[in-house]
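Me: I would like to go through the reasoning behind several structural labels. Please set each value against its criterion.

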Amino acid sequence: TTAPLEGSTIMAPAAATDEEKAKKAAEKARRKAEFEAKRAKEGNPPKKKQLSKAERRELQEKQRADKEAKKNPKPKADKPPPPPVERPTTILGHLTKATSSTPPADGVPASIVELGQKYAAGEFDGSNDRCRSLLDAVRTSIKDYAPPPDAAAARDLDVKLKSWASYLEKCREPTASTLAALKRLRLVASTLPPDISPSEAQAAVETCCDRFREERVELAVREIGRRGAQKIRDGDVVVAYGYADAVEALFSEAVGRNFEVVVVDSAPAFAGRRLLNALYAKRVRTTYVRLTAAAPEIERATLVVLGADAVFSNGSILARSGAFAVAALAQRRHVPV
């Protein structure tokens with residue numbers, strides 16, 4: 001402590017008045033009353049039992065044992081080994097095997113059933129060939145179509161087309177062209193007036209089949225062939241993989257120029273033989289090789305032509321298996337595709 005300075009005075013705290021004391025006592029009493037009321041409302045919890053020294057020691061030993069058990073858990077019992085996994089014996093053994101069986105054809109016309117059997121057997125190789133056969137089968141089935149007496153022709157026809165598409169999809173996975181054709185046919189059937197007669201509905205579907213085939217298939221193939229033939233010059237060596245009718249149309253447009261075609265083919269379909277026969281009939285100089293021997297031919301090539309089932313918005317294409325290998329070889333050797 002320090003001594004007060006000379007001449008200074010020490011101010012004692014002011015004594016609390018009776019009124020302030022009364023306020024504090026009242027506030028304390030109020031808080032106590034609230035606490036008692038809250039405790040009475042919640043119920044007075046029972047007080048913990050006072051443990052003896054031996055009981056406390058026993059409780060501590062139990063807690064310590066539980067803590068050690070958590071740190072060092074007991075080893076789990078050995079589980080039985082999993083069953084052995086059957087590994088494929090071939091490179092392509094993990095793929096689903098193709099089957100020529102067809103699903104039940106309840107209520108499906110004979111022409112659609114016959115087309116489904118051909119799909120399952122793999123008779124149609126190209127996407128456009130499958131689309132043409134689909135349109136022909138639909139036209140044949142529409143001629144014998146008769147709606148139920150209590151149903152509108154337009155609505156019933158849309159249901160029939162949907163069931164036919166489902167049946168063909170079970171026979172074989174659809175291509176981009178067949179999906180587009182079925183979508184167009186169903187769109188035409190669903191937009192027909194409800195009171196249209198069956199003959200008028202049949203005529204509308206037949207007209208749609210003819211227009212789709214001419215505009216989206218035949219005209220497209222001719223235009224691709226015309227424009228693609230402009231890329232071929234005298235002395236070119238053009239590599240083509242497999243078969244595509246647009247590629248055949250391209251070489252047909254270029255007949256008369258001095259160029260050579262190298263047809264690259266692969267198993268199991270060997271679709272390139274069809275292109276080879278077509279070029280041989282047109283007297284085009286042609287060489288036929290397997291995919292495993294394509295590298296030397298692409299080395300001397302000036303152009304690579306690939307058929308595509310569909311072209312996506314990002315520039316990629318949907319093509320037959322093996323097309324990527326040919327494109328990769330061409331890219332490595334700086335050959336335009």
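**Reasoning behind the labels**

Reply: The sulfur of C209 lies 5.9 Å from the closest cysteine sulfur, that of C208, which is too far for a bond. This is a predicted model.

Me: What makes that distance too far for a bond?

Reply: A disulfide requires cysteine sulfur atoms within 2.5 Å. The C209 sulfur is 5.9 Å from the closest one, so no bond is assigned. The count by this rule is zero disulfides.

Me: Why is C209 called buried?

Reply: Buried means under 20% relative accessible area. C209 has 2% and therefore qualifies. C171, at 8%, counts as buried by the criterion as well.

Me: Which residues is V138 in contact with, leaving aside its neighbours within four places in sequence?

Reply: They are I112, L161, L185, V205 and C209. In the largest nonpolar core, of 35 residues, L134, V138 and L185 touch the most other members. Helix 5 gives the largest share of this core, nine residues.

Me: Why is the pair of Y119 and F124 called edge-to-face?

Reply: Ring centres must lie within 6.5 Å, and planes over 60 degrees apart count as edge-to-face. Here the centres are 6.0 Å apart and the planes stand at 85°, so the label applies. Y119 is buried at 3%, and F124 is buried at 18%.

Me: What makes the pair of F251 and F259 stacked?

Reply: Planes under 30 degrees apart count as stacked. The planes of F251 and F259 are 20° apart, with 6.2 Å centre to centre. F251 has a relative accessible area of 0% and is therefore buried.

How values were computed: Residues are numbered from 1 along each chain as its sequence is written. This is a predicted model: local features need pLDDT of at least 70, side-chain atom pairs count only at pLDDT 80 or more; totals for chains, interfaces and linings use all residues. Side-chain values use heavy atoms; hydrogens and water are left out. Buried means under 20% relative accessible area, exposed over 50%, partly exposed in between (1.4 Å probe, protein chains only). A nonpolar core is a set of buried Ala, Val, Leu, Ile, Met, Phe, Trp, Tyr and Cys residues joined through side-chain atoms within 4.5 Å. Helices (H or I, at least four residues) and strands (E, at least two) are DSSP runs, numbered from the N terminus. Contact means heavy atoms within 4.5 Å.
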